[in-house]
Amino acid sequence: MPKFIFLLLFTFILSSDESNYTLTEFDTETINSFKESGFSAFSDYTVINNLIESNFYSSSADIHYGMYLLCLGNDDLGCANLHLNRAIQIDGIQNYYDLSDSLTIYRDLLENARRAVKKENYNIGIEDYENVINRFPNRAIPYYELGVLYETINDRVNAIKYLNESINYNPNKEQYKLAIYGIAQSISREADEESRRQDFNSAIPKYIEAISYYPEFTQAYFQLAKAFYSLGDYKQSKSYLLQCLELNPNQLQPLMMLATIYKKMKDSMSAEKYYRKAIKVDPNSYKAHFRLGTLLMKKDLNSARMSLQKAADLKENYYNAHETLGIVNMQLGKYDEAVKNFSNTINILGEKSSKRYKSLYLLADISNGKEDYSTARDYALSAVDIKENGGAANYHLGIAYKNLNEKYLAKSAFERASKDKDWRASAKYELDLMKK
């Protein structure tokens with residue numbers, strides 16, 4: 001066929017292509033850049049992937065040759081074969097035919113290795129992949145598939161070695177990174193089992209190993225920090241939490257744990273900072289609002305009240321928020337609101353819960369303050385039923401009985417309260433007054 005007729009035919013094919021993709025100047029620059037330096041010239045692979053999917057025609061054999069290199073580098077062998085054939089159609093130079101023969105050999109060798117693995121002839125598969133690597137040392141696929149083979153036979157060291165090599169040759173393939181991530185996840189799950197058995201000394205090296213394989217494994221960082229936290233090593237725990245947050249600063253759990261560590265280390269300013277960051281990440285985290293509120297109780301009661309109210313609003317049955325809010329309202333002199341808070345706590349907990357104890361004796365305290373001694377007595381008796389020798393409940397019961405002129409019962413209550421070191425001085429003071 002005369003050359004000009006071939007070009008006319010090729011132009012017709014181009015115009016009838018269903019994709020109608022037209023190469024841009026930037027596309028051409030991308031192809032030429034890849035020919036010169038491979039993946040090293042790129043940090044964003046979007047254009048490369050779009051070109052591979054475009055299935056375009058060009059009147060330039062050199063462009064199709066460049067696309068052959070790009071597709072081959074990206075381990076898309078069908079795409080590589082397609083563009084090499086198009087280059088041959090335009091300019092049938094010997095080099096293109098040689099490359100086509102080489103590509104066929106490469107694909108056949110890979111298929112041989114895959115067949116061996118499918119038949120579970122793993123030793124033969126390893127030899128076959130090593131042969132492919134020796135003959136085609138700059139291709140990522142054999143490294144990747146050999147890595148997967150080693151993972152299949154539980155040789156993680158070699159699996160990671162070859163998977164990393166595949167990423168070195170082709171950093172664009174997400175599945176290569178995911179294969180390493182899968183191994184890291186497997187190791188991390190083993191560590192999780194050790195942690196559940198409280199064997200943190202066994203879990204810690206496994207978390208570290210998982211991170212060494214996949215340095216962006218934020219969950220492993222967090223679990224590692226939790227292990228050190230459980231051992232009381234707050235310094236190490238804090239270090240890994242900070243590394244975890246460097247990878248992704250918008251993680252609620254690491255922020256919360258870091259704030260708690262700072263609180264334990266008496267660094268209230270840093271603790272407040274990270275609780276506020278946690279709230280910014282998740283404004284609906286009732287626990288973050290609650291913990292910030294308890295922290296602020298020593299600094300700013302009104303701000304503490306706002307945080308605790310938010311926690312109670314977000315989770316209506318969170319009794320800790322209601323009870324602590326009641327304590328803050330008592331300290332602010334808002335006794336009617338405190339009564340509502342403690343009543344809410346009791347209702348949430350139910351009549352059989354021993355956790356009602358604090359709210360009951362605080363209600364007794366408020367009732368005594370209002371000179372409603374009968375109500376104070378009833379609340380205090382309910383608290384004493386829960387904790388017979390509880391210092392707080394017996395002290396407030398004693399105050400109620402004293403003002404109801406039940407001197408003997410008051411004395412008995414104060415004597416029980418005096419056995420509690422926290423209430424001993426107050427109870428003995430009342431007993432001394434009764435002797436006069």
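# Pockets, rings and buried side chains

The largest pocket has a volume of about 330 Å³. Sixteen is the count of its lining: of these 16 residues, Phe 34, Gly 38, Gly 73, Asn 138 and Tyr 169 are the closest to the pocket centre. Three elements give two or more residues to this lining: helix 2 (25–37), helix 4 (61–73) and helix 9 (156–169). By class, the lining holds seven nonpolar, six polar and three charged residues. The model is predicted, and every value here is computed from it.

The second largest pocket holds about 270 Å³ of space. Its lining is made up of Lys 263, Lys 266, Ser 268, Met 269, Glu 272, Thr 294, Leu 295, Leu 296, Lys 298 and Lys 299. Helix 15 (268–281) and helix 16 (286–296) each supply at least two of these residues. By class, this lining divides into three nonpolar, two polar and five charged residues.

Return to the largest pocket and take Tyr 169, one of the residues closest to its centre. A search of the whole structure finds 22 aromatic pairs. In one of them, Tyr 169 is stacked with Tyr 143, at 5.3 Å centre to centre and 25° between the planes. The pair links distant parts of the chain: Tyr 143 sits in helix 8 (residues 140–152) and Tyr 169 in helix 9, 26 residues apart. Are the two partners buried or exposed? Tyr 143 is buried, because its relative accessible area is 9%. Tyr 169 is partly exposed, because its relative accessible area is 30%.

A further pair brings together Tyr 229 and Tyr 234. This pair is tilted, with 5.3 Å centre to centre and 55° between the planes. Tyr 229 has a relative accessible area of 24%, so it is partly exposed. Tyr 234 has 25% relative accessibility, so it too counts as partly exposed.

Phe 34 also deserves a second look. This residue, among the closest to the centre of the largest pocket, belongs to an aromatic cluster with Phe 39, Phe 42 and Tyr 45.

Next comes the chain around helix 4. Which residues does a disulfide join? Cys 71 and Cys 79 are the partners, with an S to S distance of 2.0 Å. The count for the structure comes to one disulfide. Cys 71 counts as buried because its relative accessibility is 0%. Cys 79 has 7% relative accessibility and therefore also counts as buried. Cys 244 is another buried cysteine, because its relative accessible area is 0%.

The loop between helix 4 and helix 5 (77–90) holds Asp 75. Asp 75 is not a glycine, yet it has a positive phi of about 65°. Its relative accessibility is 9%, so Asp 75 counts as buried. Glu 371 likewise has a positive phi of about 65° without being a glycine. Its place is the loop between helix 20 (357–369) and helix 21 (373–386). What about its accessibility? Glu 371 is exposed, because its relative accessible area is 59%. The cut-offs matter here: buried means under 20%, and exposed means over 50%.

Helix 20 also contains Ser 359. At 0% relative accessibility, Ser 359 counts as buried. What is Ser 359 in contact with, leaving aside its neighbours within four places in sequence? Its contacts are Glu 323, Phe 342, Thr 345 and Ile 346.

Last, consider Phe 228. Its place is in helix 12 (residues 218–230). With 10% relative accessibility, Phe 228 counts as buried. Not counting residues up to four places away in sequence, Phe 228 touches Ile 204, Asp 233, Gln 236, Ser 237 and Tyr 240. How far apart are Phe 228 and Leu 296 in space? They are 27 Å apart, C-alpha to C-alpha, and 68 residues apart in sequence. Leu 296 leads back to the second largest pocket, where it is one of the lining residues.

Terms used. Residues are numbered from 1 along each chain as its sequence is written. This is a predicted model: local features need pLDDT of at least 70, side-chain atom pairs count only at pLDDT 80 or more; totals for chains, interfaces and linings use all residues. Side-chain values use heavy atoms; hydrogens and water are left out. On a 1 Å grid over the protein atoms alone, a cavity is a set of points where a 1.4 Å probe fits but cannot get out, and a pocket is an open set with protein on both sides within 12 Å along at least five of seven lines; lining residues have an atom within 4 Å of a point. Grid points are joined across faces, edges and corners, and a volume is the space filled by probe spheres set on the points. Helices (H or I, at least four residues) and strands (E, at least two) are DSSP runs, numbered from the N terminus. Ala, Val, Leu, Ile, Met, Phe, Trp, Tyr, Cys and Pro count as nonpolar, Asp, Glu, Lys and Arg as charged, and the others, Gly among them, as polar. A disulfide is a pair of cysteine sulfur atoms within 2.5 Å. Buried means under 20% relative accessible area, exposed over 50%, partly exposed in between (1.4 Å probe, protein chains only). Contact means heavy atoms within 4.5 Å. Rings of Phe, Tyr and Trp (its six-membered ring) pair if their centres lie within 6.5 Å; planes under 30 degrees apart count as stacked, over 60 as edge-to-face and the rest as tilted.
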